[in-house]
Amino acid sequence: MPTTTRAAVVESGGAPFTLSDIVLDEPGPREALVRMAAAGLCHTDLGVAGGGLPFPLPGVLGHEGAGVVEAVGSAVTGVAPGDHVLLSFTSCGDCRNCRGGHPAYCATWLPLNLLGGSRADGTSTISRDGEPLGGHFFGQSSFAERALADERSLVKVDPDVPLESIAPLGCGVQTGVGAVWNVLKPETGGTVVVLGAGAVGLSAVMAAALSPATRIVAVDRVAERLSLATELGATHTVDTSGTDLAPALAEITGGQGADGVVETTGNVGVLRQGVDALAARGTLVVVGAPPFGTEVALDVNGLLGGKRIVGLTLGDSETQSMIPALVRLVKDGRLPLHRLISTYPFGDIDRAVQDMRSGKTIKPVLTF
């Protein structure tokens, strides 16, 4: 049967989140109804709410959910009522990239997760007063007390780990960690530079600290975040509010350049500096997303030393293996994610948004 629940609805681009009663469709064969316990707030949510992406509004966003399964569709086999689950992105499961263990590059990723606002067959998962709303965001739309989620969005997790402590694993954290583990794969004695010390960047710092890299450089303009980066494993920091990045990195690396760079800011000027700072055969991972159509100028001859520039979505993670591993690291205290999190009651979502935009909070997590 359909389920009535309360959700944070964005009425139009640039409008605030407003709490409203909505109706969830009954679970389809490959869907589950999840009672939300927590949901992380991500810059992608803010970008869509601000009208920066053509997601259909009014709609319900949220893509870092965590909760407890209440009901499942007839063909669901991976989870059962009562299971604790983390909600991440969805994928088709059948295309070449999905079958090859790279579901973040699913052939239908954009319409299924970011732009479509409905199931793959075009039917709506959410309505209000009989009218369909934009939903199915990342296969979940978790800014609600209950969410209708694709089975491929769900990852069963250890019930002993508090859900509010791991909700950000669904997007931001696995993106930063995956940039280091799945793409850079630091070698012994390597140098990793992380441009931007927000939630994704600090996750990359923590991942690098669990790798054989011996120099981990965090770069930001906010001294407090650089101090936190040091506590999380950075061996060096560069405060670009008063220091030029290029000579600072040259000094830290002895003029050799960085083996790996993670660019999280979405600033093309910073991206260009990161490319220029690479060592021969070094790799820069592009994580930060500027507006669609943004271009960056590069010195082509500067790339001929074997430099690589790699775009990244969601850490190139296979969620069924990646997320349980991250949950275990959080549980064991080896991935101190709690240092990034500030919790807010669901009804205070607008305060969480403002604190995130102002930089007061690194990773807001809504609790239900």
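A residue counts as buried here when its relative accessible area is under 20%. Keep that cut-off at hand for the last stop of this tour, and remember throughout that the model is predicted.

**Stop 1: the two domains**

Start by colouring residues 3-170 together with 336-367 as domain 1, and residues 175-313 as domain 2. Place a marker at the C-alpha centre of each domain, and the two markers will sit 29 Å apart. The contact draws on 12 residues from domain 1 and 13 residues from domain 2. Between them, the domains bury about 1000 Å², and 70% of that area is on carbon and sulfur atoms. Which residues of domain 1 lose the most area to domain 2? Select Arg339, Leu340 and Ile362: together they make up 47% of what the domain 1 side buries.

**Stop 2: the parallel sheet**

Next, show the cartoon and pick out the open sheet of 6 strands, ordered β13-β12-β11-β14-β15-β16 with parallel pairing. At its edges you will find β13 (236-239) and β16 (308-311), each of which pairs on one side only. Neighbouring strands are turned against each other by 15° on average, ignoring direction.

Zoom in on β14 (residues 258-263) and β15 (residues 278-286), which pair in the parallel sense over 5 bridges. For a single example, select Glu263 and look across to Val286 in β15, its bridge partner. Now add helix α6 (residues 223-231), which packs on the sheet and touches both β12 (215-220) and β13. The direction of α6 makes about 170° with that of β13.

**Stop 3: helix α10, inside and outside**

Move on to helix α10 (residues 349-358) and display the side chains of Ile349, Ala352, Val353, Asp355 and Met356, which are buried. Why do these five share one side of α10? They span an arc of only 165° around the axis, so they lie on the same side of the helix. The general background is that an α-helix has 3.6 residues a turn, so residues three or four places apart point the same way.

To see what covers the buried residues of α10, add β1 (3-10), β2 (17-24), α1 (43-49), β17 (341-345) and β18 (363-367), which are among the covering elements. Then rotate to the face turned away from the buried side, where Arg357 and Ser358 are exposed. Step just past the end of α10 and you reach Gly359, with a positive phi of about 90°.

**Stop 4: unusual backbone spots**

A reminder before the last selections: most residues other than glycine have a negative phi, and most peptide bonds are trans. With that in mind, select Leu57 and Pro58, where the peptide bond is cis and omega is near 5°. Pro58 lies in the loop between α1 and β4 (59-60).

Then visit two aspartates. Asp129 belongs to the loop between β7 (126-128) and β8 (131-132), and has a positive phi of about 55° although it is not a glycine. Asp316 sits in the loop between β16 and α9 (319-331), and its phi is also positive, at about 50°.

Is Asp129 buried or exposed? Asp129 is exposed, with a relative accessible area of 75%. And Asp316, buried or exposed? Its relative accessible area is 16%, and the cut-off for buried is under 20%, so Asp316 counts as buried.

Methods:
Residues are numbered from 1 along each chain as its sequence is written. This is a predicted model: local features need pLDDT of at least 70, side-chain atom pairs count only at pLDDT 80 or more; totals for chains, interfaces and linings use all residues. Side-chain values use heavy atoms; hydrogens and water are left out. Two strands pair if DSSP finds at least two bridges between them. Helices (H or I, at least four residues) and strands (E, at least two) are DSSP runs, numbered from the N terminus. Axes are lines fitted to C-alpha atoms, for helices over the stretch in contact, and angles run from 0 to 180 degrees between N-to-C directions. Contact means heavy atoms within 4.5 Å. Buried means under 20% relative accessible area, exposed over 50%, partly exposed in between (1.4 Å probe, protein chains only). The arc is that of the directions from the helix axis to the C-beta atoms. Domain bounds come from an automatic or database domain assignment. Buried area is the accessible area (1.4 Å probe) that two parts lose on being put together, summed over both.
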